[in-house]
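Hi everyone, thanks for coming. Let's bring up today's structure and walk through it together.

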Amino acid sequence: MAAEAPSWHEGMSSDNIKGLVLALSSSFFIGGSFIVKKKGLKKAGASGISAGAGGFTYLYEPLWWLGMITMIVGEIANFVAYAFAPALLVTPLGALSIIISAVLAHIILREKLHIFGVLGCVLCVVGSTAIVLHAPQEREIESVTELWQMAMEPAFLLYATLVITCAIILIFHFIPQYGQTHIMVYIGVCSLLGSLSVMGVKALGIAMKLTLSGVNQLVYPQTWIFAIIVATFLLTQLNYLNKALDTFNTAVVSPIYYVMFTSLTILASVIMFKDWDRQSPTQVITELCGFVTILSGTFLLHKTKDMVDGASTSSPIRLAKHVEEDGYNGLEGIPLRRQESMRS
């Protein structure tokens, strides 16, 4: 008699399943928060200096705070997910937030979504599923000092140094010159620092889990150092993500940010936690194929924004300067701050 086929979750630990559920919940909240925050930024920009132009009037807009609270709820769920599951499982599930934000942007913000954009959403789901089914088990950590030793290894120190150096160069050299016209500048800062903040968030999540289980980690200075690092990087990310959302199309910002952030986070996790050391070559290749599938989906979401109007053959972002001069507001991809100035 043939043996009964195992169910899909038998290869996953209980911790991985908890992390999966939390990561999915996080994606729903974060995907919706992009839209609510964008509505708040648009409303604030109409009555004052927009975030893309260096203003902070959005801090007085209740709608922006509602979006912020929604994002915080999602980030808390994401924070807890990292305490139970490896970054290779949790981070790629952010593709779901791209789908949610793209669909809601189409419905609420009237940012058109091409049929190939829908195909991109499907590819994101397929790629995420492949990664979930082949994700590594979470590594057993007994103390935050063990995490600190991982962070102090030469390979990860080299990665962290390169990331911080690149972020500083982008902030002080490229953003003043190209921030309003090149979307990769703002998103580059968010993604680079985000990969380090996720490692810090995972360390804090594990420390909190151990503390709640009776092994107090708050007595170790490393716990508080991780907390300071996370707070600093998250505040910096928030600032430049606001600028990107206020300046460029939401359906473009979300997928590009996801691709860069996820790629760098997986790289950081592989270096620090050595996730692939505990997997077979087949599992690693399957995860890479799943990730490439996600990249293909986000690429479609990005490129099809140039196709929705069909009136131009070049990128709407690059045409922003001519749009401003001619007063034409038909392109979805032009910087938001210029749209607001035209309305007034």
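Before I count anything, here's the rule: a salt bridge means a side-chain nitrogen of Lys or Arg within 4 Å of a carboxyl oxygen of Asp or Glu. Keep in mind, too, that this is a predicted model. With that rule, we get two salt bridges.

Let's start with D15 and K209. Their side chains form a salt bridge, at 4.0 Å from N to O. D15 sits in helix α1, residues 14-47, and K209 in helix α8, residues 183-212, so this pair ties together parts that are 194 residues apart in sequence. And are they buried or exposed? D15 is partly exposed, at 22% relative accessible area, and K209 is partly exposed as well, at 28%.

Now the other pair, K274 and E153. Here the closest N and O atoms are 2.5 Å apart. This one also links distant parts of the chain, 121 residues apart. K274 is in the loop between α10 and α11, while E153 is in the loop between α6 and α7. K274 comes out partly exposed, with 29% relative accessible area, and E153 is partly exposed too, at 32%.

Last stop, helix α5, residues 115-133. Going by 1.5 Å a residue, its 19 residues should span 27 Å, and the end C-alpha atoms are 28 Å apart, which agrees. Which residues of α5 are buried? They're G117, G120, C121, C124, G127, S128, I131 and V132. Look down the axis of α5 and those buried residues fall within an arc of 135°, so they line one face of the helix.

Terms used:
Residues numbered from 1 in each chain as written. Predicted model: local features only at pLDDT ≥ 70, side-chain atom pairs only at ≥ 80, totals over all residues. Heavy atoms only, no water. Helix = DSSP H or I, 4+ residues; strand = E, 2+ residues; numbered from the N terminus. Buried < 20%, exposed > 50% of the residue type's maximum accessible area, 1.4 Å probe, protein only. Expected span 1.5 Å × (residues − 1). Arc of directions from axis to C-beta.
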